[in-house]
Structure formats: C-alpha cells, structure tokens
Amino acid sequence: MAFMRFDVFTLFPEALEPYLQSSILKRASERALVQFHVHNIRDWAADKHRVTDDEPYGGGGGMVMKAEPIFAAVESVVGTPPACPVILLTPQGKLFTQDVAHQLAGQPRLALIAGRYEGVDERVREHLVSEEISIGDYVLTGGELPALVLIDTITRLLPGVLGDPAATQKDSHASGLLEHPHYTRPADFRGWEVPEVLRSGDHARIERWRRERSLLRTWERRPDLLKTAKLAEEDDRFLEEIKREA
Ligand code: ADE
C-alpha cells in the first residue's frame, strides 16, 4: 500500500488538527495510508520568551518570522540536509494546480512550512526551502489553510484513500475539463426533473451526454482549459457545433 508522510511546521498547530482528524483524511491516517505530523515552530525558539518573530531590518513595520526557530524545527525533524522537499506556503510561490498535486503525490514525504505575519526571513527561502507554493492570487493571514489544501488534494490522490479507485480520474481538471453535472434521487424535485438520458440505462448515450456537458461547461466557464485539454475528433465537432449555435 502507498504510504506518504507530511510534516507541517506552524505557529498554530491547533488550526490544523480538527481538519486532519475529520472525514477522509482521518480515515486515511487511521488506515496508515498517510501520516500527518504537525510541529509547533515555537517549541524550537531558543530564548526564554520563545520569540519566533521580530521587526524587519530597514524598518517599515510588520513582523518577520525569524530564521533560527524555523531552521531548528525543520532540521531536527527532517534532517540536515532535509530528507524530503521542503515547501514554503506563500502568495509569492508557484501556483498550486492538479498537475502539481500529482507530481507531489509521487513523493514519500513532504515538509510544509506555514508562514505568518508579513513574511519569513529571506534566508529560510534561500537556504532551507526547495519550493514555494501559492494556492491562488489572494492573501490569507497565514499558510495553515494553504498547507491543508495541499495535504487534502494530495492525500485523496493516494491509492486506497478514496472508496472508488476511479474517482480521481473523473474529477474536474483530471482530464483537463470541468466535470459534468450530477443528480441523485428523487427524479422530480419541485418539478425540476433529472435529464431523461440519465434514467435511460443506455450507457453509451449517458457517456456521450456527460462528455458533452463537460465540454459545454468548460467552454462556458473556463475556455482557457480547452487549449490544453486532450480532445477527440468528436469533441472538436461538438465544440464547433455549440460555437456556431452561440
Ligand atoms: N499565505 C498567505 N496567502 C497565501 C496563499 N495564497 N497561498 C499560499 N500561502 C499563503
């Protein structure tokens, strides 16, 4: 069975624990498919007040996370030099996508550093971190939620984690397209009916309908994705048709 280990370094371990101990992530760690280790950077602060941040050189206000406790924490847990990729979560990083998640899911172990305050001392970036990742073009108060986003996205790709082994192949973005719509019982809810084709039992028709809905939705909402999606001749014909109609 696949096995992956995450080591997260943060000043707010209590912010991560409830999510890691819920639902699919909880089940995956109980089944030993994955291990989550959350470390409080403050435990490696050397002085008696356990200071982890300080004023920036050059002034300007705000606080900067100090280099020493972060180096001490990461080196004592993952070794010197680090035995695995060390990722800093920051809005200045490379954008996290499903492709990046697939690449990282191939690693046996990842160290994640959640930054806080105005930033972290640049020497952490230069001499400890192997990769900087952003989850999107917006700024959070810290890297804790981004670390959970990476862990969640990567963990569900690991073999055995999801009940249906084919589930991740059907995901939005897995094929380069957005997913088709889903329905469950009742067939008629407040007069809004489930499309007839889905109740027809004709699997070829159902597959074609789903593919076309997926293409249509991608064209309407994320036309940029169509440039890189893998399309069959039939898909191209369908897209030509909807463009003509529009
Ligand atoms: N820390 C603050 N904002 C962030 C973002 N968008 N991605 C990763 N880390 C962050």
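Okay, this is a quick walk through one sheet and one helix pair in a predicted model.

Housekeeping first: residues count from 1 along each chain as its sequence is written, and side-chain values use heavy atoms, without hydrogens and water. Since the model is predicted, local features need pLDDT of at least 70 and side-chain atom pairs 80 or more, while totals for chains, interfaces and linings use all residues. Helices (H or I, at least four residues) and strands (E, at least two) are DSSP runs numbered from the N terminus.

So, the sheet. We've got an open one with five strands, order 2-1-6-5-8, paired in parallel; pairing takes at least two DSSP bridges between two strands. Strand 2 (34-40) and strand 8 (131-134) sit at the edges, each pairing on one side only. On average, neighbours are turned by 35° against each other, direction ignored; axes here are lines fitted to C-alpha atoms, for helices over the stretch in contact, with angles from 0 to 180 degrees between N-to-C directions.

Zooming in, strand 1 (residues 4-10) and strand 6 (residues 109-114) share five bridges, in the parallel sense. Asp-7 stands opposite Ala-111 in strand 6.

Now, the helix pair. How do helix 4 and helix 6 cross? Their axes come within 9 Å, at roughly 75°, so they count as roughly perpendicular (65 to 115 degrees; under 35 is roughly parallel, over 145 roughly antiparallel, the rest oblique). Touching, meaning heavy atoms within 4.5 Å, are Gln-98, Ala-101, Leu-104 and Ala-105 from helix 4, with Leu-150, Thr-153 and Ile-154 from helix 6.
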